[in-house]
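Biologist: Could you take one helix of this model and go through it closely? Then work outward from it, to whatever it packs against and beyond.

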Amino acid sequence: MATIRGRLTFGYAITLAASVAALTLALYLERRGSAIRELDRRLELESDVAVQLLQQSYALRGQVVRRSAPAIESARDTVRVERRSLEPWVAAYLEGGPDYLVVADTAGLELYLTGVTRTLSDASLSGLLGLTASGVGDTVGSLPARGPEGPIRFRVRRLPRDGSGVGAVVTAAPTSDVPFGPAQLLRSIAVVSPMILLGSLALGYWQAGRGLRPLKQMTEELEAITDGRSLHRRLPVAGAARDEVSRLGVTVNGMLARLEQSFASLRRFTADASHELKTPLMVFRAGVERALTHPGTPPESLEALDETLEQINQMSELVDGLLTLARADEGRAPLALEQHDVAALVTEAAETAEILGAETGVAVSVERPTEPVILEVDPSRIRQLLLNLVTNAVKYTPAGGRVRLGLEDRGWEVAITVADTGVGVAAGDLPHIFDRFWRADVARSRTGDRAGAGLGLAITKWIAEAHGGAITVQSRPNRGTTFIVTLPRGREPAPGAGDPPTA
Ligand SMILES: Nc1ncnc2c1ncn2[C@@H]1O[C@H](COP(=O)(O)OP(=O)(O)OP(=O)(O)O)[C@@H](O)[C@H]1O
Ligand SMILES: [Mg+2]
């Protein structure tokens with residue numbers, strides 16, 4: 001059950017099924033109890049009538065029992081031909097009374113059975129007769145099902161020993177004879193409850209969907225606020241924020257406001273810190289350069305000073321990169337746009353690459369249209385972009401490799417390609433290549449000839465996007481890497497990328 005809606009509906013269905021089952025059970029037990037109470041009352045009434053009839057008949061005639069062979073010779077009776085029985089005229093009266101009636105003598109032996117009683121199965125009948133023989137007093141109870149008529153409810157009534165010879169009267173009735181029996185109730189509930197369950201399931205599903213709709217909308221809106229640049233957006237909160245979802249909206253909005261504030265102060269801090277570092281670094285560099293050129297500097301210090309200068313240069317680059325990105329994030333890195341020949345910039349980058357490549361044994365080639373390719377760009381930023389790409393290409397290509405620069409004018413856009421035959425990037429690393437401070441194999445490349453901070457490509461990506469363009473990369477380990485930058489002709493700058501400076 002993946003969705004809350006599904007879980008709610010499922011839970012609702014389970015609860016409802018349990019409630020219906022509990023209700024059915026309660027109804028069943030209550031109905032059975034009252035049906036049995038009703039039956040017991042009827043049996044009591046019937047036994048009263050039979051007892052009165054027997055007693056009055058005895059009082060009137062002085063005899064109700066006779067010793068003779070019974071009038072009806074059934075298989076059972078012929079065995080006991082010597083048994084006593086009720087006088088036929090008394091039996092005739094009783095025949096018009098209760099359906100199931102057993103009259104027994106004082107020894108518990110059968111005196112009389114109504115015709116209907118004889119239709120009971122032998123097992124049930126002997127059960128009833130057994131009651132009169134047991135000698136217990138007045139009792140009410142049930143005989144478990146022994147035949148097709150099912151369980152039988154009975155009432156035993158003992159008669160006072162007045163000399164009539166009648167000992168007990170048993171009235172009985174199968175519980176299946178009760179007009180609205182519990183079984184019938186169960187059947188009705190079995191038919192109705194699936195319909196109730198299905199109906200309420202559909203209703204529950206609809207209700208859950210309705211209740212969760214605001215949550216769904218909120219999720220969609222939150223999904224749109226994915227990056228740091230959209231943190232100024234807020235969720236619409238309906239009404240006076242009384243329901244749970246609205247309160248959630250207010251809370252999330254509060255959180256977004258705090259996040260926006262933290263992001264802003266983080267950017268501010270990075271920008272301010274890198275800005276503050278620039279001046280001391282310049283002073284350092286000037287000082288070290290002066291010491292390097294001073295004739296009084298002892299020769300043994302020159303190497304250390306040289307190393308210091310290199311570190312200072314690297315640090316300056318890092319600080320510059322940080323400042324650029326922090327300003328870009330704040331929307332305070334404006335583009336100085338002008339109509340410029342991008343092909344000339346590519347040629348320039350190729351020349352730099354040739355110089356760099358000559359040192360490390362990497363061959364550089366360039367393919368570009370002979371005529372100028374004019375585009376509205378910030379030349380210094382595009383120069384920075386190309387420089388980042390070609391220094392990477394040369395840096396990550398071993399001696400004997402090749403670096404190829406390409407420029408293609410596609411009309412609606414211009415595509416710049418920087419391809420190398422270098423070490424490449426593993427497929428799993430490619431998604432991170434434009435992340436800030438991300439570098440493959442950090443331990444090996446933080447120092448040495450492949451030193452760098454890992455900001456170059458992040459800046460490159462920002463420059464491409466600030467121009468309304470994009471950058472893509474393809475790479476195979478040990479086969480080479482290809483970066484393609486596309487710059488559109490009709491420029492649509494990325495949000496906040498080319499805003500005018502505010503400070
Ligand atoms: N042409 C390339 N071939 C192979 N790997 C590359 C190439 N360009 C970039 N990478 C990988 O991507 C990482 C990030 O590159 P990026 O230019 O951002 O940082 P850097 O070159 O290490 O440092 P910086 O450019 O800040 O001095 C590099 O460390 C390198 O692992
Ligand atoms: Mg780099």
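Modeller: Start with the buried residues of helix H8: Gly321, Leu322, Thr324, Leu325, Ala326, Ala328 and Asp329. Buried means 20 or more other C-beta atoms within 10 Å of the residue's own; exposed means 12 or fewer, partly exposed lies in between, and the C-beta atoms are placed from the backbone. Helices (H or I, at least four residues) and strands (E, at least two) are DSSP runs, numbered from the N terminus.

A word on the source. This is a predicted model, in which local features need pLDDT of at least 70 and side-chain atom pairs count only at pLDDT 80 or more, while totals for chains, interfaces and linings use all residues. Residues are numbered from 1 along each chain as its sequence is written, and chains are lettered from A and ligands numbered from 1 in the order in which they are written.

Now the geometry of H8. It covers residues 299-330, 32 residues in total. The expected span is 1.5 Å times one less than the number of residues. For H8 that gives 46 Å, and the end C-alpha atoms are 47 Å apart, which agrees. After the helix comes Gly331, with a positive phi near 75°.

What do the buried residues of H8 pack against? Two helices: H7 (244-293) and H12 (456-466). Contact here means C-beta atoms, placed from the backbone, within 7 Å.

Next, the core. A nonpolar core is a set of buried Ala, Val, Leu, Ile, Met, Phe, Trp, Tyr and Cys residues joined through C-beta atoms within 7 Å. In soluble globular proteins, nonpolar side chains tend to be buried together. The largest core here has 45 residues, and Val346, Ala353 and Val390 touch the most other members. H8 and H12 each supply at least two residues of this core. So do helix H9 (342-360), helix H10 (379-395) and strands S10 (374-377), S11 (402-409), S12 (413-420) and S14 (480-488). Domain 2 (244-329) and domain 3 (333-488) both contribute, so the core lies between them. Ala353 contacts Val364, Val390, Ala393, Val394, Val403 and Leu405, leaving aside neighbours within four places in sequence. Another core lies apart from this one; it has 32 residues, among them Leu43, Leu86, Leu94 and Leu120.

Those domain bounds come from an automatic or database domain assignment. Domain 1 spans 4-182. Its C-alpha centre lies 104 Å from that of domain 3. Another pair spans a long stretch of chain: Ala183 and Arg383 are 200 residues apart in sequence, and their C-alpha atoms are separated by 91 Å. Ala183 sits in helix H6 (residues 182-224). It is partly exposed, with 14 other C-beta atoms within 10 Å.

One strand that feeds the core deserves a look. S10 has a covered face, Leu375 and Val377, and an uncovered one, Ile374 and Glu376. In a regular strand the side chains alternate between the two faces of the sheet. Strands pair if DSSP finds at least two bridges between them. Strand S8 (residues 338-341) runs antiparallel to S10, joined by four bridges. One of them pairs Asp341 with Ile374.

Two loop residues finish the area. Phe437 lies between S12 and helix H11 (442-445). Its phi is positive, about 65°, although it is not a glycine. Phe437 is exposed, with 12 other C-beta atoms within 10 Å. Asn478 is in the loop between strand S13 (470-476) and S14. Asn478 also has a positive phi of about 65° and is not a glycine. It counts as exposed, with 9 C-beta neighbours inside 10 Å.

For a second helix, take H5 (residues 122-133). Its 12 residues should span 16 Å, and its end C-alpha atoms are 16 Å apart. Ser124, Leu125, Leu128, Leu131 and Thr132 are its buried residues. They cover an arc of only 115° around the axis, which puts them on the same side of H5. That arc is taken from the directions from the helix axis to the C-beta atoms. The face turned away carries the exposed residues Asp122, Ala123, Ser126 and Gly130. The buried side packs against strands S3 (100-105), S5 (139-143), S6 (152-158) and S7 (166-174). In S3, six of six residues are buried. S3 and S7 run antiparallel, joined by six bridges.
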